[in-house]
Amino acid sequence: MKVPFLDLSRAHRGLRDEILASFAATYDAGRFCLGADVTAFEQDFAQAVGAPEAIGVGNGTAALHLVARALDIGPGDDVVVPAFTFIASAWTASFVGARPVFCDVDSRTYNATAETIAAALTSKTKAIVVVHLFGQAADMDPILTLAQQHGIPVIEDCAQAHLTTYHGRPVGTMGVAGTFSFYPTKNLGGVGEGGAVVSTDARLMDRVRLLRVHGSNVRYQHDAVGYNYRMEGLQAGALRVKLSHLDRWTALRRSHAERYREGITLSDTILPQPAPWGDSVYHQFTLLHPRRDALRQHLSDHGVGTDLIYPRALHQQPCFQDVGPADGTLPVAEELARTCLSVPIFPELSEAELDHVIATINHFPG
Ligand SMILES: Cc1ncc(COP(=O)(O)O)c(C=O)c1O
């Protein structure tokens, strides 16, 4: 049996007519860049993720960039970023000329903690980026307390955490702002690029809205140096269709994760566990194994697709060699990069496929 790591076509087949109908409506009305479809999606999405408002943008990286600009982060500033995440989390600092200061992460949630963040604070820290990695909320209360003590805003990178909550509070609404990605592989993915900013701070949102479209609220008057980070109408239409399925897809991801936890018995394997403050939405199901590469090969030999997310910590990336810290100084992030293995978790997996993944893992010759 072959089990793909991810097969978007399974969901897309069933949604084809509905999404193409939304395209036709947008096409016929010519609402291509922002417009009524984007506004409607912004309202639906804000409601779904428990935020007072959402701003649709071109992608999740643009969302982070806009928040960095809205907070006036710039050259000479430091921004704390977890070392184990996707590179775009660090672009929050780099795009505005600030320095990312990488912090270590927790070995079970894979997320930054108040302790690891505290160790990375400097006299120049202007913001903290918290990533809710793989769909699991970081332990926010101690982080928010630390941030308040130092008067530093927390940006929540929720690119992988649509519908994730922390003690019942939606991610993206606890810090100064939250950013989402709708890259096609995300739990809520478009049929192209997309992203959003959410915040409870109406003034910050006004600034993000201004910067999203060339720093301009009034035609041909530019109050700030801005960007073309508009969301496209066609994407908004597709995302609205998909948003109506997100609760069900999230429940399926959680049930697959539970099946993995019940079934996988391979020794020396560490599986993601629900945190006391709320279960993950399982953007990834990423296990840890000391012989990760051999296990990956074994799964591939038996038709199971896997991925390494992420095989290098950010301070180990070539582009950050001049930033540091040195290799060997963030041991948990480096260990995760060496031992992590993401297995299939997309909603449409069949029970037989899940059982094949489980049996193949359990038969790995130890
Ligand atoms: C944690 C994280 N942050 C930011 C991004 C950037 O999102 P996008 O690819 O939409 O620019 C991604 C997704 O790729 C991500 O996984």
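Trainee: Which residues of α9 and α12 meet each other?

Mentor: Keep in mind that this is a predicted model. The helices here are α9, residues 246-263, and α12, residues 351-362, with axes 10 Å apart and an angle of about 35 degrees. By class, their contact has four nonpolar, three polar and three charged residues. By name, H256, R259, Y260 and G263 of α9 meet E351, L354, D355, V357, I358 and N362 of α12.

Trainee: And what is the handedness of the crossing where α9 passes α12?

Mentor: Look at the two helices packing with their axes 10 Å apart. As α9 passes α12, the crossing is right-handed.

Trainee: Moving on to α3 and α7, why do they count as oblique to each other?

Mentor: The axes of α3 (residues 60-70) and α7 (residues 202-212) come within 9 Å and cross at roughly 120 degrees. Roughly perpendicular covers 65 to 115 degrees, and roughly antiparallel needs over 145. The pair fits neither class, so α3 and α7 are oblique.

Trainee: How many residues of the contact of α3 with α7 are charged?

Mentor: On the α3 side you have L66, R69 and A70, and on the α7 side L204, R207, V208, L211 and R212. Five of these residues are nonpolar and none is polar. The charged ones number three.

Trainee: R212 turns up there, so to speak; which residue forms a salt bridge with R212?

Mentor: The model has 16 salt bridges by the rule used. In the one with R212, the closest N and O atoms are 2.9 Å apart. Its partner sits in helix α2 (residues 36-48), while R212 sits in α7, 170 residues apart, so to find it you look at a distant part of the chain. The partner is E42.

Trainee: Now the sheet: which are its edge strands?

Mentor: Seven strands form an open sheet with mixed pairing, in the order β1-β9-β8-β5-β4-β2-β3. Neighbouring strands are turned by 25 degrees against each other on average, direction ignored. An edge strand pairs on one side only, and that picks out β1 (54-57) and β3 (99-103).

Trainee: In β9, which residue is the bridge partner of G178?

Mentor: Strand β8 (residues 177-181) and strand β9 (residues 195-198) run antiparallel and are joined by four bridges. G178 falls within the residues of β8. Its bridge partner in β9 is V198.

Trainee: Which strands does α7 touch when it packs on the sheet?

Mentor: α3 is on the sheet too, lying across β1, β5 (154-157), β8 and β9 and running at about 160 degrees to β8. The direction of α7 makes about 20 degrees with that of β1. The strands touched by α7 are β1, β8 and β9.

Trainee: Where do Y310 and P325 lie?

Mentor: Each follows a cis peptide bond: I309 is joined to Y310 with omega about 20 degrees, and G324 to P325 with omega about 0 degrees. For Y310, the flanking helices are α10 (292-301) and α11 (331-339). P325 is found in the loop between α10 and α11, and Y310 lies in the loop between α10 and α11.

Trainee: One last backbone oddity: what is phi of D72 near?

Mentor: D72 is found in the loop between α3 and β2 (78-82). Its phi is positive, in a residue other than glycine, and the value is near 60 degrees.

Notes
Residues are numbered from 1 along each chain as its sequence is written. This is a predicted model: local features need pLDDT of at least 70, side-chain atom pairs count only at pLDDT 80 or more; totals for chains, interfaces and linings use all residues. Side-chain values use heavy atoms; hydrogens and water are left out. Axes are lines fitted to C-alpha atoms, for helices over the stretch in contact, and angles run from 0 to 180 degrees between N-to-C directions. Angles under 35 degrees count as roughly parallel, over 145 as roughly antiparallel, 65 to 115 as roughly perpendicular and the rest as oblique. Contact means heavy atoms within 4.5 Å. Ala, Val, Leu, Ile, Met, Phe, Trp, Tyr, Cys and Pro count as nonpolar, Asp, Glu, Lys and Arg as charged, and the others, Gly among them, as polar. Two strands pair if DSSP finds at least two bridges between them. A salt bridge is a side-chain nitrogen of Lys or Arg within 4 Å of a carboxyl oxygen of Asp or Glu. A crossing is left-handed if the near helix is turned anticlockwise from the far one by less than a right angle, and right-handed if clockwise.
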